[in-house]
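This report covers internal space, salt bridges and helix packing in one protein chain. The sequence and structure come next.

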Amino acid sequence: MKLLILLNLLLFCHVASTVKHSLKIFVTATSGVPNFPEFVAAAMVDEVLIGYCDSNIKTPEPKQDWMRKLIKDDPQHLEWYSMKCFVSEQFFRASLDSLKQRLNQTGDVHILQRMDGCEWDDETGEVVGYNQYGYDGEDFLVLDLQTLTWTAPKQQAFMTKRRWDNDKASLEYTKHFYTHMCPDMLRKYLHYGRSFLQRTERPSVSLLQKTPSSPVSCHATGFYPDRAMMFWRRDGEEIHEDVDHGEILPNHDGTFQMSVELNLSSVAPEDWRRYDCVFHLSGVVDDIVTRLDKAVIRTNWVSPAGFLAGPVIGVVVGLLLLLLAVCIAGLFIWRKNNNGFRPANTRQ
């Protein structure tokens with residue numbers, strides 16, 4: 001969160017900021033979860049899914065065309081991931097069973113997770129590695145690469161911490177992986193995927209409102225990368241009061257979306273024209289500025305009068321159509337009677 005705030009401040013001041021790239025690997029082992037693989041692993045570069053494996057498919061699957069190209073050029077890369085998936089599955093299943101026994105847990109749902117990887121600053125060259133475990137939704141173990149020791153936020157993790165702290169050979173290998181191997185892999189991915197990962201896509205920006213008394217939301221979707229900020233201005237100056245910033249969220253296509261709301265309950269209608277919403281995307285000079293205008297606000301809200309008017313009009317039209325149908329039917333029967341047909345029997 002602090003990193004995000006700092007990045008937003010740098011963007012707002014229009015200072016050229018460095019770009020940090022990341023390689024993250026998420027691993028999850030579960031028990032008692034129906035219709036879900038007992039083991040799942042996924043790798044992401046700059047929040048983009050690049051590879052996946054689970055206990056059902058076994059073999060890792062590349063998820064980007066440029067990753068398929070990399071594997072074609074370097075088949076050993078896929079072999080390395082295949083080995084990692086196999087070893088990780090055995091380790092996580094055994095660890096989950098061991099934890100359940102140690103904590104005297106039987107049945108129910110239990111989840112063991114790990115997030116590890118590295119960040120690389122493409123200007124300073126700084127590398128930051130991380131490795132942390134969670135159990136049943138809470139922090140369990142966190143590796144400190146500076147001291148090469150594990151931190152145990154939970155009492156239940158102390159036994160594992162002591163055992164892992166004493167495995168010096170494993171700690172040295174872990175340090176080498178996160179400070180050298182991981183950033184090398186990340187740079188390789190960035191090279192193969194540069195046309196996709198280093199692109200910029202501007203979003204569509206809309207003004208949304210649930211009801212006339214609700215805050216107005218300035219919503220941007222379809223932008224890439226996620227290094228972006230959005231804010232409200234009044235008379236050209238950024239405002240913070242009555243403003244609620246939402247998080248940057250991923251879309252299904254790899255782009256991102258975000259919203260920022262403005263509470264207008266204390267703003268006179270004639271002053272709306274003083275406000276506008278600004279979207280800024282890192283690496284793009286021109287901002288997208290959207291002026292606050294009631295005429296362009298999108299809403300699904302229907303006034304109570306309009307809500308009632310619809311059914312009333314529908315009933316009136318329905319009655320008229322029914323009356324017309326009766327008249328036509330009566331005319332048809334009358335004409336048939338004049339041609340020798342007997343009157344229709346209306347008794348049930």
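## Cavity

Strand β5 (residues 110-121) contributes 3 residues to the lining of the largest cavity, more than any other element. Helices (H or I, at least four residues) and strands (E, at least two) are DSSP runs, numbered from the N terminus. The lining is made up of Lys-20, Glu-119, Trp-120, Asp-121, Glu-126 and Val-128. The space inside the largest cavity is about 30 Å³, and the count is 1 cavity of 30 Å³ or more.

On a 1 Å grid over the protein atoms alone, a cavity is a set of points where a 1.4 Å probe fits but cannot get out; a pocket is an open set with protein on both sides within 12 Å along at least five of seven lines, and lining residues have an atom within 4 Å of a point. Points are joined across faces, edges and corners, and a volume is the space filled by probe spheres set on the points.

## Model and chain

This is a predicted model, in which local features need pLDDT of at least 70 and side-chain atom pairs count only at pLDDT 80 or more, while totals for chains, interfaces and linings use all residues. Residues are numbered from 1 along each chain as its sequence is written, and side-chain values use heavy atoms, with hydrogens and water left out.

The protein chain has 7 helices and 17 strands. Of its 348 residues, 36% are buried (under 20% relative accessible area, against over 50% for exposed and in between for partly exposed; 1.4 Å probe, protein chains only). The accessible surface is about 21,500 Å², with 56% of it belonging to carbon and sulfur atoms; areas come from the Shrake-Rupley method with a 1.4 Å probe, and for residues only the protein chains shown count as cover. Among contacts (heavy atoms within 4.5 Å) with a separation of 6 or more, 53% are between residues 24 or more positions apart.

## Second largest pocket

The second largest pocket has a volume of about 800 Å³. Its lining comprises 35 residues, and Lys-84, Ser-88, Arg-114, Asp-116 and Tyr-178 lie nearest the centre. Helix α3 supplies the largest share of this lining, with 8 residues.

## Salt bridges

A salt bridge is a side-chain nitrogen of Lys or Arg within 4 Å of a carboxyl oxygen of Asp or Glu; the count is 15. In helix α2 (residues 65-73), Asp-73 and Lys-69 are 4 residues apart, about one helical turn, and their side chains form a salt bridge at 2.7 Å, N to O. Asp-73 is partly exposed at 41% relative accessibility, as is Lys-69 with a relative accessible area of 44%.

Lys-188 pairs with Asp-74, with the closest N and O atoms 2.9 Å apart. This salt bridge links distant parts of the chain, 114 residues apart: Lys-188 is in helix α5 and Asp-74 in the loop between α2 and α3. Lys-188 is partly exposed at 30%, and Asp-74 is partly exposed at 22%.

For Asp-235 and Arg-274, the closest N and O atoms of the salt bridge are 2.7 Å apart. Asp-235 lies in the loop between β11 (228-234) and β12 (237-238), and Arg-274, 39 residues apart from it, in the loop between β15 (256-262) and β16 (275-281). Salt bridges with shared partners also join Glu-38, Lys-58, Glu-89 and Arg-93 into one network.

## Helix α4

In helix α4 (residues 158-165), the buried residues are Thr-160, Trp-164 and Asp-165. They lie on the same side of α4 because they cover an arc of only 125° around the axis, taken from the directions from the helix axis to the C-beta atoms. The buried residues of α4 pack against α3 (75-102), β6 (127-135), β7 (138-144), β8 (149-151) and α5 (168-192).
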